[in-house]
Amino acid sequence: MDDNRLYAIGEVARRTGLSVSAIRFYSDEGVVPPVEVTAGGHRLYDVHAIARLEFVSTLRELDAGLEDIRRLLAGGLTLTELATAHLSRLDDQVRRIRSRQAVLRTIARQHTEAEQVVLLHKLAGMSDEDRDRLMDDFWSEISEGLQVSPDFLGLMRNGPLVLPDEPSAEQLEAWIELADLLRNADFRREVREALRETFSGPGAAMMTSSKMVAAFERGGVIMGRAQEAQRAGTPADSPLGREIADAYTAYLGEIAETPDSPAFREKLAADVLDIERLHLESLEEYKTSTDPYTRYQSLVAIIDGSARQAAEFMPFAWLSAALKASVSP
């Protein structure tokens, strides 16, 4: 193109792919004015104006706002700043779209009544504070009068429930279902009764004591180390494997009041594989169980991501191999 030539609006439209009305609009809005207007009112553009029009057209296709584009061309905004601000707005739009998709899927799956649609929409759009308040109310009601230590209650609750900034469709749908259940008086009553029955039998006080909670947490740390070692590809018969096996043996030996021995380690190695089997069975049970508290746990596990982690990466077989390897000197 000739740098010195001026082009009529029809030629500009052919070269840029923009419509004549769009070029006139950008001119009237002061975004890309013509270089010259003839006595007959015809708008003329040079190559630089045509390049600006193509640039504006690209930004508009990326859904950039007209005011932001005007500020950018006037030098009041950098391209990086425009992209950052627009990306933030798009992220918000994506979150809203995911939320709407989750509500619509829930409506389609549950054959939702018309009066429930507003509630589902509100549940999907809850803030972190709203979710915390709903969880607090739920746990205050179902734990009232429960004879367990505060530490054990905290272990059951598993901390605040946080929906990720970019939740998957499965996580959003799980939250909508869970929030709906938490507000349901019958569900609260069923969970409260189930917990009363579980923690009213002999030995419940000891199993739910602060001392046992501390023991559970120690075991969790050891299992976490085993998981990290397996994820890193560390051999079970390595020095680290021996160290983790020693820690696990000492931990369970203290609880069972059993001294360390090759026979005890062999038993622990077999027990760990049984735990793996039971763990896999419980994951399947979560999917089909009608028990209210089990359903609560399964939904929480989906929301906080622990269900995916449990399904993808279990260190039981690695720990069992480490225990077996540690029997040899």
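Reader: Where does Asp63 lie?

Author: Asp63 is in the loop between helix 3 (47–61) and helix 4 (66–73). Bear in mind that this is a predicted model.

Reader: What is phi of Asp63?

Author: About 70 degrees, a positive phi, although Asp63 is not a glycine. For background, most residues other than glycine have a negative phi.

Reader: Is Asp63 buried or exposed?

Author: Asp63 counts as exposed, because its relative accessibility is 52% and the cut-off for exposed is over 50%.

Reader: And Glu257, what is its phi?

Author: Phi of Glu257 is near 55 degrees, again a positive value in a residue other than glycine. Glu257 belongs to the loop between helix 13 (239–256) and helix 14 (262–288). With 71% relative accessibility, Glu257 counts as exposed.

Reader: Back up a bit. How many helices and strands are in the chain?

Author: The chain has 17 helices and three strands.

Reader: What share of the residues is buried?

Author: Of the 329 residues in the chain, 37% are buried. The chain exposes about 18,800 Å², and carbon and sulfur atoms supply 53% of that area.

Reader: What about contacts between residues at least 6 apart in sequence, how many join residues at least 24 apart?

Author: 66% of those contacts join residues at least 24 apart.

Reader: Switching to rings. How many aromatic pairs does the structure hold?

Author: Eight aromatic pairs. One of them is Phe138 with Phe187: the ring centres are 6.1 Å apart and the planes are at 20 degrees, so the pair is stacked.

Reader: Why does 20 degrees make the pair stacked?

Author: Because planes under 30 degrees apart count as stacked, and the planes of Phe138 and Phe187 are at 20 degrees.

Reader: Which helices does that pair link?

Author: Phe138 is in helix 7 (residues 128–142) and Phe187 is in helix 10 (residues 185–198). The two are 49 residues apart, and the pair links distant parts of the chain.

Reader: Are Phe138 and Phe187 buried or exposed?

Author: Phe138 is buried, and Phe187 is buried too.

Reader: Which residues form a cluster with them?

Author: Trp139, Tyr293 and Tyr296 join Phe138 and Phe187 in one aromatic cluster.

Reader: What lies over the face of Trp175?

Author: Arg131 does, at 5.7 Å from the ring centre.

Reader: Now charges. How many salt bridges are there in the whole structure?

Author: A search finds 18 salt bridges. Among them is the one between Arg192 and Glu141, where the closest N and O atoms are 3.3 Å apart. Arg192 is in helix 10 and Glu141 in helix 7, 51 residues apart, and the pair links distant parts of the chain.

Reader: So helix 7 and helix 10 again. How exposed are Arg192 and Glu141?

Author: Arg192 counts as partly exposed at 23% relative accessibility. Glu141 also counts as partly exposed, at 30%.

Reader: What does Arg295 pair with?

Author: Arg295 forms a salt bridge with Glu177, and the closest N and O atoms are 2.9 Å apart. That pair also links distant parts of the chain, with Arg295 in helix 15 (residues 292–304) and Glu177 in helix 9 (residues 169–182), 118 residues apart.

Reader: Is Glu177 buried or exposed?

Author: Glu177 is buried, because its relative accessible area is 19% and buried means under 20%. Its partner Arg295 counts as partly exposed at 23% relative accessibility.

Reader: Which salt bridge has both residues in helix 10?

Author: Arg189 with Glu193. Both lie in helix 10, four residues apart, about one turn of the helix. Their closest N and O atoms are 3.8 Å apart. Arg189 is partly exposed, with a relative accessible area of 32%, and Glu193 is partly exposed at 45%.

Reader: Which residues are linked in a network of salt bridges?

Author: Arg242, Asp246, Asp260 and Arg265.

Reader: Last one. Where does Gly17 lie?

Author: Gly17 is in the loop between helix 1 (9–16) and helix 2 (20–28). Gly17 counts as exposed, at 68% relative accessibility. From Gly17 to Leu53 the C-alpha to C-alpha distance is 10.0 Å, with the two residues 36 apart in sequence.

Definitions and conventions: Residues numbered from 1 in each chain as written. Predicted model: local features only at pLDDT ≥ 70, side-chain atom pairs only at ≥ 80, totals over all residues. Heavy atoms only, no water. Phe/Tyr/Trp six-rings, centres within 6.5 Å; stacked < 30°, edge-to-face > 60°. Buried < 20%, exposed > 50% of the residue type's maximum accessible area, 1.4 Å probe, protein only. Lys NZ or Arg CZ within 6 Å of the ring centre and 35° of its normal. Contact = heavy atoms within 4.5 Å. Areas by Shrake-Rupley, 256 points an atom, 1.4 Å probe, with all protein chains shown as cover. Salt bridge = Lys/Arg side-chain N within 4 Å of Asp/Glu carboxyl O.
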